[in-house]
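Reader: I am new to reading protein models, and I would like to learn how to go from a picture to careful statements about it. Could we work through one together, feature by feature?

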Amino acid sequence: MSRNDQGRLLSLALRCYPPTWRARHGDEARELAVLLAQDGVPLRSMAWNYLKGAARAQLVQTRTTRRLRTGVAALVAATSLAAVSLLVSIPPAPAGAADVVRADITSRAEAAAELTAVFKSHHFDIGVKQLPVPPSLVGSILATKTTGHSTGSNGILGRITGTCAGGAGACTQGLLLPSHFSGQMLVLVGRAAKPGEKYAVPADVFRPGELLAGSSLLGRTVEAALPVLETLHVDVLWKVYGNKTCTTVVPDGWHHLTGGFAISAGSICLEVTPSVPSTTGGQG
Amino acid sequence: MALRKSEPGGFGHDVLRRAGDASVLILTSLAEGPKHGYALIQDVRRFSGVQLGPGTLYGALDRLELLGMIEALPADARRQPYRITSAGAAALAEHLDALERISSVGRLRLGFGGA
């Protein structure tokens, strides 16, 4: 099997994961494979390992769906508990409901204001900082930074997970905190970027809510993609498989699109892999 | 007979006993400090000789995050670093204690078994 074939197998394996997984880990998983390949790890073994991981991830989803479909009350109750534990990850020994403060985001445009209002009303020393992000991450919690002591009752009890803007994957849409929280924390929240402003966090440009969502350009050749890209009026950079940086140099038309990420409101970087067109007979 | 949580000398509150080796290796690595996926794989290989597959790594990371034992930090470019939580550190300590007990008994018995 040629290196190109192995690269295609790797891309195929990553596509076997559920969309939520791809939205969250897809970019890093591709980069990780490149780095490991440079370390001498065979692409074929990585592809196989990703395939096994994808099967497990899909199996978890299937099991959850089956549970929800059963009419047995006990099973439904158990599944509900499982669903709750999936949506809200709470460490061992959670506090009682009365001891928990719930800070929800109900309006993506007002996310920072909503969280600030909850924190202030409970006299928590928690700041909220907004960062420019791609459309799918607007109005979601990107991360929390502890700026003081955070162990025990001063830590976050859980995160409330919901869909991202545009329907992509899973985003953090709220926090559960102990009512007697006395630590110091900074919550980073995504906001819409101004024209040309660089994103603080990149996002897969093909995920729902992003520029190329539903474009079906993934897997197509550069030659086929260029006319579509021209209609979008954005700066397109290119990153050939194995390279570390995005450049303005347009790869040869027979390269295939394997992914891409948004850099700013007006620019994207598309990843391509050099693969021999099938019309030439391929390799090995 | 398998040791149960309630039995004296059992696994106690060792919630990692069924989490898989990858989870334990990852928590051990993160106990040193936050790391992203590639750094985790390199560190695990260094201290244990185990080459974690990338699919195995992400599966374990997702499970540990769901259990509240690790948490994601702000992403650096496309690399997502993770750090161990206080719950994860406590679970790891408990698990290592359990392994220590088994290891002691095993060594003792091998010693007396004569080989």
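Reader: Which residues does A:Thr258 touch, not counting residues up to four places away in sequence?

Author: This is a predicted model, and in it A:Thr258 touches A:Ser11, A:Tyr241, A:Glu271, A:Val272 and A:Thr273, once residues up to four places away in sequence are left out. A:Thr258 itself lies in strand β9 of chain A, which covers residues 256-264. The C-alpha atoms of A:Thr258 and A:Leu12 are separated by 9.9 Å, although these two residues are 246 residues apart along the chain.

Reader: Is A:Thr258 buried or exposed, and why?

Author: A:Thr258 counts as buried because it has 21 C-beta neighbours inside 10 Å, and the cut-off for that label is 20 or more. In chain A as a whole, buried residues make up 35% of the 284 residues.

Reader: And what share of the contacts in chain A, among those between residues at least 6 apart in sequence, join residues at least 24 apart?

Author: For chain A that share is 71%, in a chain that has six helices and 10 strands. For chain B, among contacts counted in the same way, 52% join residues at least 24 apart.

Reader: What is the place of A:Ala265 in chain A, and what does A:Ala265 touch?

Author: A:Ala265 is in the loop between β9 and β10, the latter being residues 267-273 of chain A. Leaving out residues up to four places away in sequence, A:Ala265 touches A:Ala193, A:Pro195, A:Gly196 and A:Glu197. A:Ala265 and A:Pro132 are 133 residues apart in sequence, and their C-alpha atoms are 9.3 Å apart in space. A:Ala265 counts as partly exposed, because it has 18 C-beta neighbours inside 10 Å.

Reader: How should I read the sign of a phi angle?

Author: Most residues other than glycine have a negative phi, and most peptide bonds are trans. In this model, phi of A:Ser216 is near 55°, a positive value in a residue other than glycine, and phi of A:His233 is likewise positive and near 55°. A:Ser216 lies in the loop between β7 and α6 (222-230) of chain A, whereas A:His233 is found in the loop between α6 and β8 (235-240) of chain A. A:Ser216 counts as exposed because it has 9 C-beta neighbours inside 10 Å, and A:His233 counts as exposed because it has 7. There is also a glycine to look at, since A:Gly40, which follows α2(A), has a positive phi near 100°.

Reader: How do I read a helix such as α2(A), and where is its kink centred?

Author: An α-helix has 3.6 residues a turn, so residues three or four places apart point the same way. Helix α2(A) has 20 residues and reaches 27 Å from its first C-alpha to its last, close to the 28 Å expected at 1.5 Å a residue. The kink in α2(A) is about 65° and is centred on A:His25. A:His25 is one of the buried residues of this helix, which also include A:Trp21, A:Gly26, A:Leu32 and A:Leu36.

Reader: How many residues of chain A are in contact with chain B, and which element gives the largest share?

Author: The size of an interface is often given as the accessible area lost when the parts come together. Here we can count residues instead: 29 residues of chain A are in contact with 22 residues of chain B. The elements of chain A that give two or more residues to this side are α2 (19-38), α3 (43-69), β3 (141-146) and β7 (198-204). The largest share, nine residues, comes from α2(A). By type, the residues on the side of chain A that touches chain B divide into 17 nonpolar, seven polar and five charged.

Reader: How is chain B put together, and at what angle do the axes of α1 and α2 of chain B cross?

Author: Chain B comes to four helices and two strands, and from the N terminus on its elements run α-α-α-β-β-α. Buried residues make up 36% of its 115 residues.

Two packed helices are described by the angle between their axes and the distance between the axes. The axes of α1 (residues 21-30) and α2 (residues 37-48) of chain B come within 10 Å and cross at roughly 100°, which means that α1(B) is roughly perpendicular to α2(B). In this contact, B:Leu25, B:Ile26 and B:Ser29 of α1(B) meet B:Leu40, B:Asp43, B:Val44 and B:Ser48 of α2(B). These residues divide into four nonpolar, two polar and one charged.

Conventions. Residues are numbered from 1 along each chain as its sequence is written. Chains are lettered from A and ligands numbered from 1 in the order in which they are written. This is a predicted model: local features need pLDDT of at least 70, side-chain atom pairs count only at pLDDT 80 or more; totals for chains, interfaces and linings use all residues. A residue is buried if 20 or more other C-beta atoms lie within 10 Å of its own, exposed if 12 or fewer, and partly exposed in between; C-beta atoms are placed from the backbone. Two residues are in contact if their C-beta atoms, placed from the backbone, lie within 7 Å. Ala, Val, Leu, Ile, Met, Phe, Trp, Tyr, Cys and Pro count as nonpolar, Asp, Glu, Lys and Arg as charged, and the others, Gly among them, as polar. The expected span of a helix is 1.5 Å times one less than its number of residues. The bend at a residue is the angle between axes fitted to the seven residues ending there and the seven starting there. Axes are lines fitted to C-alpha atoms, for helices over the stretch in contact, and angles run from 0 to 180 degrees between N-to-C directions. Angles under 35 degrees count as roughly parallel, over 145 as roughly antiparallel, 65 to 115 as roughly perpendicular and the rest as oblique.
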